[in-house]
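Student: Got a minute to walk through the sheets in this one? Show me the structure first.

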Amino acid sequence: MLNAGVLGAGHLGKIHLRLLNQSNKYNLVGFYDADENNGKKVEAEFGYKFFNTIDELIEAVDVVDIVTPTLSHYDCAKNAIAKGKHIFIEKPITNTVEEAEHLRELLAESKLRGQVGHVERFNPAFLGVKDDIESPMFIETHRLAEFNPRGTDVPVVLDLMIHDIDIILSLVKSKVKHVSASGVSVISDTPDIANARLEFENGCVANLTASRISLKNMRKARFFQKDAYISVDFLEKKCEVVKMKDAPENPGDFDMILQNAEGVKKQIYFDNPTIANNNAILDELETFADAINNNTTPVVTLHDGTEALRVANQIINSF
């Protein structure tokens with residue numbers, strides 16, 4: 001078991017504390033929070049050990065789980081790496097791409113492991129269809145949320161859309177060629193609703209919409225590729241795969257057959273992927289433990305987190 005400590009005991013930090021505490025791959029040593037009153041309160045309520053300084057906590061653990069506000073990610077991670085500790089960083093990886101690239105360099109030199117908390121990679125609906133998504137050429141995502149003051153200190157692109165950016169970059173094996181976007185600030189000082197179009201060198205196009213002023217919550221993605229349509233509902237944990245194959249010589253009465261203008265016949269069939277119930281946050285933390293113990297590459301590397309941030313910033317700069 002790896003000794004782990006959490007930096008930040010806000011809403012998400014408390015979830016991490018609970019999951020690390022129940023995991024059989026970690027021994028939760030304790031946590032640090034910049035707000036001493038909150039730290040003492042969390043310690044009294046849950047029994048986790050509250051450390052008075054960041055340095056004391058980092059010294060006491062093998063793995064530092066950084067769930068602080070984004071502005072402090074870089075300093076926390078740099079400090080942990082300097083002390084020889086593995087790092088898990090919530091998304092977005094850092095405040096700037098330059099900071100993220102420097103962390104990557106430091107981590108590479110140290111031979112330590114690092115993972116970024118892009119939790120949708122562990123969503124059971126996505127895991128159910130991930131292997132069916134091959135060379136998608138058009139992608140559409142909608143991530144809509146009801147208004148919540150928490151998170152409005154950053155543009156909606158960094159708050160919500162970055163989840164879909166990471167998913168798309170993990171699937172499209174090509175570089176982003178062009179970015180165009182529009183965003184509108186409705187309630188906050190930064191855009192609350194945004195739409196972006198990503199064009200890749202291989203011809204793939206992704207159209208992303210994110211809003212934090214919606215009347216209902218929605219987290220959906222649709223992928224179109226040769227002979228297949230795949231949809232993922234990240235919120236409802238549902239997925240659908242519709243595929244086409246050459247029609248049989250003698251189709252059955254219930255076979256769905258399409259014929260194009262050239263006379264080519266295709267059979268449509270529905271695939272029902274298996275969706276295994278899981279706790280995505282627990283899974284991302286435990287796969288990180290596996291990567292450390294087995295000396296393998298984490299599922300979401302610092303490189304992945306950096307590229308997601310890079311594209312997110314390109315979108316923000318396109319407004």
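Tutor: Here are the sheets, some packing and one phenylalanine. Keep in mind that the model is predicted.

Student: Start with the five strands. What order do they take in the open sheet?

Tutor: The order is 2-1-3-4-5, and the pairing is parallel. Strand 2 (26-32) and strand 5 (114-117) are the edge strands, each pairing on one side only. The twist averages 20° from one strand to the next.

Student: How many bridges between strand 3 and strand 4?

Tutor: Four, linking residues 63-66 with residues 86-90 in the parallel sense. In that pair, V63 has H86 as its bridge partner.

Student: Next, the nine strands. What's the order there?

Tutor: That open sheet runs 7-8-9-6-10-11-12-14-13, with mixed pairing. Strand 7 (176-184) and strand 13 (256-259) sit at the edges; each has a single partner strand, so one side of each lacks a neighbour in the sheet. Here the twist averages 15° from one strand to the next.

Student: Which helices pack on it?

Tutor: Helix 7 (residues 156-171) does, touching strands including strand 6 and strand 9. Its direction makes about 155° with that of strand 9. Helix 9 (residues 302-317) also packs on the sheet, touching strand 7 and strand 8. The angle between helix 9 and strand 7 is about 55°.

Student: And how do strand 6 and strand 9 run?

Tutor: Parallel, joined by seven bridges. R143 stands opposite A210 in strand 9.

Student: Switching to F138. Buried or exposed?

Tutor: Partly exposed, because its relative accessible area is 30%, between the 20% and 50% cut-offs. F138 lies in strand 6.

Student: What does F138 touch further along the chain?

Tutor: Beyond neighbours within four places in sequence, its contacts are C204, V205, N207, R222, F223 and F224.

Conventions. Residues numbered from 1 in each chain as written. Predicted model: local features only at pLDDT ≥ 70, side-chain atom pairs only at ≥ 80, totals over all residues. Heavy atoms only, no water. Pairing = 2+ DSSP bridges. Helix = DSSP H or I, 4+ residues; strand = E, 2+ residues; numbered from the N terminus. Axes fitted to C-alpha atoms, helices over the stretch in contact; angles between N-to-C directions. Buried < 20%, exposed > 50% of the residue type's maximum accessible area, 1.4 Å probe, protein only. Contact = heavy atoms within 4.5 Å.
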